[in-house]
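Visitor: Please show me the protein, and let us then go through it together with questions.
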Amino acid sequence: MSLHTTAQHLVTLAEGGQEGGAHESLNPFVTGGGALIALLLLLWITTRFNRDR
């Protein structure tokens, strides 16, 4: 394999194969919503352990 062929192959892989674009399971709303829920859960846990008594 030449350097040029290897570079073309890597670019094709980076673009997502022959179809191009992102994978359909990577929905930004689901990803963002999951991250928001995880952060809110961590905030709730943190506030439960840091009560001033």
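Visitor: How far apart do the end C-alpha atoms of residues 29–47 lie?
Guide: This is a predicted model, in which local features need pLDDT of at least 70, side-chain atom pairs count only at pLDDT 80 or more, and totals for chains, interfaces and linings use all residues. Residues are numbered from 1 along each chain as its sequence is written, and side-chain values use heavy atoms, with hydrogens and water left out. The span is 100% helix and 0% strand, where helices (H or I, at least four residues) and strands (E, at least two) are DSSP runs numbered from the N terminus. Its end C-alpha atoms are separated by 27 Å.

Visitor: What does UniProt list for residues 29–47?
Guide: The unreviewed entry uses the numbering given here, though its feature names are shortened and annotations may be inferred rather than shown by experiment. For these residues, the UniProt record gives "transmembrane region".

Visitor: Which helix holds Leu42, and what length is expected for that helix?
Guide: Leu42 belongs to helix 2, which covers residues 28–49. Helix 2 has 22 residues and reaches 32 Å from first to last C-alpha; the expected span is 1.5 Å times one less than the number of residues. For helix 2, that expected value is 32 Å.

Visitor: How many helices does the protein have?
Guide: The protein contains zero strands. Its helices number two.
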